[in-house]
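Welcome! Please take a moment to look at the sequence and the 3D view before reading on.

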Amino acid sequence: ITQKFHLYPHRKFPFDAWLPGRPESITRFVADCGDQPFFLMHNIPSPHRPFQGHIRRTGHSLVDAQAAPPPGFLPDTPAVRADWAEYLTCVEITDDAVGQALEALRRSGRYEDTLILYCGDNGPSYHRGKMSVYDFGLRVPLIAAGPGVRRGVQTQELTSLVDLMPTLADYAGAELPRPVQGTSLRPLLEGQTGARGHDAVYGEVHFGIGPQACQARSVFDGRYHYLRTYNTDKPHVMC
């Protein structure tokens, strides 16, 4: 695993190595694995606040705030435009980091036999984004590549990040624990006949302790999105 690790207790998630996210550390890790199967969870911190820290660290040029208006549900003010431009700059920094990781994998000679899953864990850190069950908070990227995975195909089937573990277990030939949330995406990725996603996907926010905590639930069936938010009169921190 690279970068952040906020899973506790650590003994229940016994990764063999905790690496910095630099390309050379990824190259070294894959090389050390030789011909053996490996799993690398490459976390990229740059889309997170504070945006300016990532921009200063990389020296990446800023996205033009005038050319990148914020989403329509955010106020279109100079301050919001400047902040949104910083976020988009961090998205470009993230794109660079993904490219560096893929290049490291290519140099290792393991690119063609590796299943690659790219995803976000939540929406941007804005109103109705991160820490919410609105579309802006739940609809995240999910891109797959690798042996047997169809290329250049988009699907409207409903999937969820709880499907990642069953998918990886399926490709690894590992037996799933029971019960388990989620289902393998392998049939969808490979275009197997009759493959389909979920009838509905669910979202949940529970942040804080006790009955006054920030809580929200949602369900989406591909057309209708039902949201229910509790304690709306209580402020909560959006990290």
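This report walks through a small sheet and then some salt bridges.

Keep in mind that this is a predicted model.

**The sheet**

Let us begin with the strands. Three of them, in the order β3-β4-β5, make up an open sheet with antiparallel pairing. Which strands sit at the edges? They are β3, covering residues 201-207, and β5, covering 225-230; each of these pairs on one side only. On average, neighbouring strands in this sheet are turned by 5° against each other, if direction is ignored. As a general reminder, strands of a sheet pair through backbone hydrogen bonds, either parallel or antiparallel.

Now follow β4, which spans residues 214-220 and pairs with β5 in the antiparallel sense over 6 bridges. You can look for glutamine 215, which stands opposite tyrosine 230 in β5.

**The salt bridges**

How many salt bridges does the structure hold? There are 11. Here are some of them, with the closest N and O atoms given for each pair.

| Lys or Arg | Asp or Glu | N to O distance |
|---|---|---|
| Lysine 4 | Aspartate 121 | 3.1 Å |
| Arginine 139 | Aspartate 135 | 3.3 Å |
| Arginine 217 | Glutamate 204 | 3.8 Å |

Take the pair of lysine 4 and aspartate 121. Lysine 4 belongs to the segment before α1 (23-33), while aspartate 121 is in the loop between β1 (116-119) and α4 (135-138), so their salt bridge ties together parts that are 117 residues apart in sequence. Lysine 4 has a relative accessibility of 30%, so it counts as partly exposed. Aspartate 121 is partly exposed as well, with a relative accessible area of 46%.

Next comes the pair of arginine 139 and aspartate 135. Is arginine 139 buried or exposed? Arginine 139 counts as exposed because its relative accessibility is 56%, and the cut-off for exposed is over 50%. Its partner, aspartate 135, is partly exposed at 35%.

The pair of arginine 217 and glutamate 204 takes us back to the sheet. Arginine 217 lies in strand β4 and glutamate 204 in strand β3, and the two are 13 residues apart, so that this salt bridge links distant parts of the chain. Arginine 217 is partly exposed, with 29% relative accessibility, whereas glutamate 204 is exposed, with a relative accessible area of 55%.

Finally, some salt bridges share partners: in this way Asp170, Arg186 and Glu190 are joined into one network.

Notes:
Residues numbered from 1 in each chain as written. Predicted model: local features only at pLDDT ≥ 70, side-chain atom pairs only at ≥ 80, totals over all residues. Heavy atoms only, no water. Pairing = 2+ DSSP bridges. Helix = DSSP H or I, 4+ residues; strand = E, 2+ residues; numbered from the N terminus. Axes fitted to C-alpha atoms, helices over the stretch in contact; angles between N-to-C directions. Salt bridge = Lys/Arg side-chain N within 4 Å of Asp/Glu carboxyl O. Buried < 20%, exposed > 50% of the residue type's maximum accessible area, 1.4 Å probe, protein only.
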